[in-house]
Amino acid sequence: MNIILLGPPGAGKGTQAKRLEVEKGMVQLSTGDMLRSAVASGSSLGREAQAVMDAGNLVEDAVMVGIIADRISHPDCAKGFTLDGFPRTTAQAEALDRMLTEKGLKLNAVIELKVDQNALFDRIRGRASEAGAGSERADDNVGILKKRLEVYHGQTAPIIPYYKKKGLLHEVNGMQEIKGVAQAIDAILAQAADKGSQPC
Ligand code: AMP
């Protein structure tokens, strides 16, 4: 089963992708994690990506497509994967289609985690005050989240109709408890598996 988890930053994509890896062996392909390890390793990609990430902007499409094309070719991905944080633009979605076709792979589902934007801000403010952080730090976090949400609505959300047209899109209420989100995702995967096993 190959799926995409879509949703704004803080929607819970990473939590669910990790769970699917543990429970179902679907490899989590998190482009954010890949970039963060490039930053930690001090590679040239990491050095270039860091400023872009810190500002809440997107790393160039060609770079991201190259990273995913390479990762998807690893043998472990044959067991199935969850794309977490990719694609984030229409160009990335189109490039993904081409690379999957070339590799004889297909997407089984695209799952959008829908969350209330105000709740995301409350969460981040709550975390900052719990940690006793100064207001400057909290403002920084809120400012970056605002930017990342703007980027999500401007550049990533427009790919939702692209997948809707393909009949792949499913919506899940991301405001439920983690367990409820997990159950909703599992039901979609079960349905997609049934569909995949039916003769055309
Ligand atoms: P994430 O952990 O998925 O929220 O990603 C953290 C940051 O990495 C993002 O804010 C972007 O700067 C960058 N990033 C991750 N995935 C992508 C992508 N598919 N395209 C462009 N930039 C990305």
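1. A residue counts as buried when its relative accessible area is under 20%. Y163 has a value of 0%, so Y163 is buried. Please keep in mind that this is a predicted model.

2. Start with the largest nonpolar core. The core holds 30 residues, and L96 and Y163 touch the most other members. Several elements feed this core with at least two residues each: strands β1 (2-6), β2 (27-30) and β3 (81-84), and helices α4 (61-72), α5 (90-103) and α8 (160-165).

3. What does Y163 touch, leaving out residues up to four places away in sequence? The list is I4, P87, A93, L96, L107, V110, L168 and L169. L96 thus appears twice in this note: as a contact of Y163, and beside Y163 as a residue that touches the most other core members.

4. There is a second core, separate from the one above. This core has 21 residues, L5, M26, V115 and F121 among them.

5. The structure holds 1 aromatic pair. Y162 and Y163 form the pair. The geometry is edge-to-face, with 5.1 Å centre to centre and 85 degrees between the planes. Are the two partners buried or exposed, wholly or partly? Y162 is partly exposed, because its relative accessible area is 23%. Y163, at 0%, is buried.

6. Now look at Q16. Q16 sits in helix α1 (residues 13-24). Its relative accessible area is 2%, so Q16 is buried. Setting aside residues up to four places away in sequence, Q16 touches L5, I178, V181, A182 and I185. One of these contacts, L5, is also included in the second core.

7. V65 is worth a check too. V65 lies in helix α4. Is V65 buried or exposed? V65 is buried, because its relative accessible area of 19% falls under the 20% cut-off. Beyond neighbours within four places in sequence, V65 is in contact with F86, Q92, A95 and M99. For a distance across the model, take V65 and L145: they are 80 residues apart along the chain, and their C-alpha atoms are separated by 24 Å.

8. Last, the second largest pocket. About 170 Å³ of space lies in this pocket. Its lining consists of K106, L107, N108, G167, L168, H170, Q191, A192, K195 and G196. Helix α9 (residues 178-197) gives the most to the lining, with 4 residues. By type, the lining divides into 3 nonpolar, 5 polar and 2 charged residues. L107 and L168 line the pocket, and both touch Y163.

Notes:
Residues numbered from 1 in each chain as written. Predicted model: local features only at pLDDT ≥ 70, side-chain atom pairs only at ≥ 80, totals over all residues. Heavy atoms only, no water. Core = buried A, V, L, I, M, F, W, Y, C linked by side-chain atoms within 4.5 Å. Buried < 20%, exposed > 50% of the residue type's maximum accessible area, 1.4 Å probe, protein only. Contact = heavy atoms within 4.5 Å. Phe/Tyr/Trp six-rings, centres within 6.5 Å; stacked < 30°, edge-to-face > 60°. 1 Å grid on protein atoms, 1.4 Å probe; cavity = no way out; pocket = protein on both sides within 12 Å on 5 of 7 lines; lining within 4 Å. Points joined across faces, edges and corners; volume = space filled by probe spheres on them. Nonpolar A, V, L, I, M, F, W, Y, C, P; charged D, E, K, R; others polar.
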